[in-house]
Structures are given as structure tokens and as C-alpha cells.
Amino acid sequence: MNVRERKMKARTIILAFVLLALSSLILPALDEDKAPLNIISVEKNSSLEKKLRSMDLDLLFEWEGRIFILARDPDLLALDKLNFPYTYENHRFPPLHQDRFYAQTNLNGAYHSYKELETDLQALERFYPQLARIFTIGTTLENRKIYALKISANVSQDENEPEVLFLGCHHAREWISVEVPFLLAKHLLENYAFNADVRRIVNQSEIWIVPMLNPDGLEYSIHYYRYWRKNRRLNADGSYGVDINRNYGYAWGYDDNGSSPEPAADVYRGSAPFSEPETRAIRDFVQQKHFRAMITYHSYSQVILYPWGYTKTPPPNEPLLNGIAASMSQLMNPVNGRTYGYGESGASLYLTNGDATDWIFSASGMPAYTVELPPVDQLQGGFFNTETDIGPIFNENLPAALYLIDWSIQNFRRALRRPQEREAKAPINKMARSSKKR
Ligand code: 0X9
Ligand code: ZN
């Protein structure tokens with residue numbers, strides 16, 4: 001089954017979860033007991049199941065070999081006493097968790113909210129003042145800042161070094177896409193002093209990390225509707241949201257298949273190319289800089305995609321784009337044994353128009369990748385990664401990100417030293433132009 005078929009098949013399951021999440025909205029109102037509610041799951045296993053049923057718990061449903069249960073804190077204590085293994089599933093049912101959030105125990109768990117990210121970026125800047133600096137590259141409709149963290153030795157100087165860009169959170173519900181670029185920043189900074197490879201790449205490049213491009217959407221996803229995708233634009237027809245990844249200015253609105261003209265649609269492309277503050281922030285930033293390569297993180301599907309998204313026609317220099325993707329996939333696999341597929345976006349996933357990688361590739365010619373993080377399909381959790389997914393997903397993406405930074409460094413040096421070889425080996429159309437950066 002290919003990725004598109006898997007996504008299609010998964011729609012019914014998404015719908016089931018959405019309905020369940022909506023129905024859970026009324027639960028707190030119906031319940032007199034004020035002890036916090038949780039949803040947990042336990043493995044469906046005959047001996048344990050018997051014990052469970054004797055405990056008079058509220059068994060909700062069975063899914064994927066697990067039994068989902070509504071449990072209050074005293075129930076959890078009882079399960080703990082019995083050494084009964086269970087998993088928290090609260091993140092799948094946001095309304096249940098509302099009380100806890102306001103009590104500072106965190107609706108979004110280990111995932112970053114906007115404020116948490118702001119605090120953590122500021123901490124990185126404070127701990128590593130020579131290596132990290134925060135820039136604001138735009139302001140959203142709800143007045144949040146779009147942060148970019150620059151990481152480089154002599155960070156306060158704009159040096160003649162290759163620049164590489166990492167983006168997260170075009171889509172609000174894809175929380176894991178914030179964590180991977182954020183953890184990349186943290187890894188580079190924390191290991192600079194101790195790891196010679198990290199030191200070399202941080203010394204020789206300028207790494208720019210924008211972990212949360214869509215903070216308005218993300219906050220909405222945390223507080224109101226976990227499944228929200230777009231930004232929070234109030235559209236002319238009263239509906240909300242533009243799909244930021246359909247609003248870039250290359251092949252914008254090319255057809256109604258890869259994006260929608262309908263404001264209420266999840267893939268609404270906006271009223272004009274770059275109508276949104278988030279896409280304008282990236283456009284202006286990319287035009288000011290001279291990036292050599294970029295990754296924009298999304299979820300889910302576990303694939304590495306390169307342009308074009310708007311057509312199935314191969315891009316210029318497909319062998320180079322494909323070769324880099326193949327190397328990244330190869331480096332990722334041994335970390336946790338997960339295989340990331342790779343290929344042209346439009347041909348391997350589905351057609352989109354106005355997405356970030358198409359515009360960035362068309363504007364600069366740089367290798368531009370969408371990495372769709374795990375899981376591979378909805379049956380494995382879809383957009384709702386657990387907290388324990390964060391570490392392994394970051395760990396397997398790390399070597400690919402380091403490889404791309406290193407590729408940019410090697411390519412940049414070759415371009416400076418041997419112009420003829422540069423043209424032969426990296427004939428991406430506008431690469432040569434961008435090497436005259438300063
Ligand atoms: O549809 C998107 O914007 C991305 N997928 S997601 O499930 N994260 O929403 C894919 C963008 C890559 N481009 C193409 N597949 N054409
Ligand atoms: Zn996405």
C-alpha cells in the first residue's frame with residue numbers, strides 16, 4: 001500500500017478520533033467527582049483483563065490491541081499498587097486535560113507551547129552567548145513572534161559561511177515538527193565543547209533554526225482543537241485559517257487539486273500568494289540570506305520529499321536532490337531501524353501547490369526537503385505522537401541534519417575553490433549565483 005492509500009484508509013480512523021475527542025468535551029460537565037480525569041490504555045491481555053474488569057473502571061473502547069480506559073487519579077494509584085502497566089493517552093483527548101493545563105501541569109506534555117519555546121530559546125541564548133542568538137523574523141496575526149535561532153561560532157558576526165535553514169510547525173497539529181529542529185539546536189550547542197564533529201560544523205557554517213513558524217495555530221491546537229492545521233486568519237466568509245504550506249508564491253493556486261480556493265478547507269491557499277505573515281516572514285528571510293540547503297519538518301509519513309510538489313515532472317538536477325535524500329535516509333535507518341522513503345513530493349506523496357520547498361527551490365535552487373516525521377501512517381498514531389516518541393525521532397533525524405549541514409559546507413568550499421568542478425558537480429541552476437553572496 002503506498003503512502004497516499006495509507007492516508008486515505010486512515011481517514012475513517014481520524015474521523016473516529018475526532019468524534020471521540022468532541023464527545024469528550026461534555027464529559028467533565030457530566031461528572032460530579034472533581035478528581036482529574038485521565039485516559040489511559042492497557043494491553044489487551046487475558047489474565048490482566050480479568051483483573052481490570054473486576055476493578056469497575058470505565059472501559060471506553062478497544063483499539064490496536066489496547067483497551068482505552070477513563071480513569072481518575074485514585075484509579076491510577078490502584079493500578080500502580082497492582083503493578084499494572086498502563087500508558088497515558090491524555091494527549092489524544094485534549095478537552096479532558098483542560099483543568100490540568102491551567103493548574104500548570106501542562107496540556108501539551110513534553111511538547112513545546114509557544115511560551116515554553118520562547119523560554120527555552122532564551123535559555124539557549126543565555127547559556128551559549130557566543131554560539132546562539134535569537135532573531136525575530138516576523139509577527140503573526142495574533143501578535144506572536146516568529147523566532148529564528150542562529151547558531152554559529154562568532155554568532156554576532158555575519159561571516160562568509162554557508163547558511164542552512166531548518167523549519168518546524170507549518171502545520172499546527174504536527175507538534176513533533178517543533179521538537180526536532182529545537183532539539184537540533186540544543187544538540188549543537190550542548191555538544192560544541194565536547195564533540196569535534198559538532199564543533200567543526202558549527203565553526204564552518206551558519207545554522208538557522210525556525211522551530212515554530214505557526215505559533216497561533218499551534219496554540220489553538222493545544223487549547224481548543226488538537227487537530228487544527230492552518231494559521232488563525234479570519235477569512236472573508238467567517239471561517240478561519242490559511243494553510244501556510246499552500247500560500248508560498250511559486251505555482252500558487254496552480255490547480256484546485258494541490259490546494260483549495262475554499263476558505264473553510266484545510267488546504268485553503270489564502271487570498272493571494274504570500275498573503276500570510278508566516279510565509280512573508282520566510283520569503284523575506286530567505287531573500288536576505290543565502291541558504292545552501294534546507295529542511296522543513298512535518299508529520300506524518302516517514303518520508304523525505306524534494307520538489308516539485310505542484311507537478312510530477314522531475315525537478316532540475318533531480319539526481320543531486322535524490323542522492324542527498326538517499327544518503328539522509330541511509331543514515332537515519334540504523335538509529336532505530338525505521339526506514340524513511342524518499343522521492344519527489346508530487347510523485348511520491350500527493351500534489352500540492354504553493355508549498356515551502358517548491359518556492360524555496362525555485363527562488364534559490366538550493367536542495368530543499370520536506371521531512372515527514374514518523375509515524376508511517378495513521379494506524380501508528382498519525383499526527384498524535386506520544387511524549388516518548390520525541391527522543392527516538394530526534395535521534396534518527398540528527399545524522400540526516402548533520403549530513404545536510406556538512407554537505408553545504410563541502411559544497412561551499414568546492415564552489416569557492418574550483419568553479420568548473422562546482423558547475424559540473426552541483427549544477428542546480430541558481431547555486432552559482434548565490435555563491436557570489438558577499
Ligand atoms: O500537505 C502538506 O503540506 C505536507 N504534508 S502534511 O501531511 N504534513 O500536511 C506535504 C508537503 C510536501 N509536498 C508535497 N507532497 N507535494
Ligand atoms: Zn504538515
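Two strands pair if DSSP finds at least two bridges between them. With that in hand, strand E12 is a good place to start in this predicted model. Three bridges link E12 to strand E10, residues 303–306, and these two strands run antiparallel. Within that pairing, Ile304 has Val371 of E12 as its bridge partner. E12 also pairs with strand E9, residues 291–299, this time in parallel and through six bridges. Here Thr296 is matched with Thr370 of E12.

What about the surroundings of E12? Six of its six residues are buried, so the strand is largely enclosed by the rest of the structure. Its side chains split into two sets: Ala368, Thr370 and Glu372 point one way, while Tyr369, Val371 and Leu373 point the other way, and all are buried.

E12 turns up again around ligand 1. Strand E12 (368–373) and helix H12 (345–348) each supply at least two residues of the shell around this ligand. In total, 15 residues surround ligand 1, and the closest are His298, Gly309, Ser345, Leu349 and Thr352. By character, the shell divides into eight polar, four nonpolar and three charged residues.

Next comes the nonpolar interior. The largest nonpolar core has 91 residues, and those touching the most other members are Leu149, Ile151, Ile209, Met294, Ile304 and Leu404. Ile304 is thus one of these core residues as well as the bridge partner of Val371. For Ile151, leaving aside its neighbours within four places in sequence, the contacts are Leu131, Ala132, Ala185, Leu188, Leu189, Val202, Ile207 and Ile209. Apart from this core lies another one, made of ten residues, including Ile67, Ala71, Leu79 and Tyr86.

Two of the contacts of Ile151, Ala185 and Leu188, are also listed among the buried residues of helix H7. This helix covers residues 176–191, and its 16 residues reach 22 Å from the first C-alpha to the last, close to the 22 Å expected at 1.5 Å a residue. H7 is mostly covered, with twelve of its 16 residues buried. Among the buried ones are Ile176, Val178, Phe182 and Leu184, along with Glu179 and Lys186.

Finally, there is an open sheet of four strands, in the order E2-E3-E1-E4, with antiparallel pairing. Its edge strands are E2 (58–63) and E4 (87–88), each of which pairs on one side only. Strand E1, residues 37–43, is joined to E4 by two bridges, and the two run antiparallel. Across this pair, Ile40 stands opposite Tyr88 of E4.

Terms used. Residues numbered from 1 in each chain as written. Chains lettered and ligands numbered in written order. Predicted model: local features only at pLDDT ≥ 70, side-chain atom pairs only at ≥ 80, totals over all residues. Core = buried A, V, L, I, M, F, W, Y, C linked by C-beta atoms within 7 Å. Buried ≥ 20, exposed ≤ 12 C-beta atoms within 10 Å, placed from the backbone. Contact = placed C-beta atoms within 7 Å. Near = placed C-beta within 6 Å. Nonpolar A, V, L, I, M, F, W, Y, C, P; charged D, E, K, R; others polar. Expected span 1.5 Å × (residues − 1).
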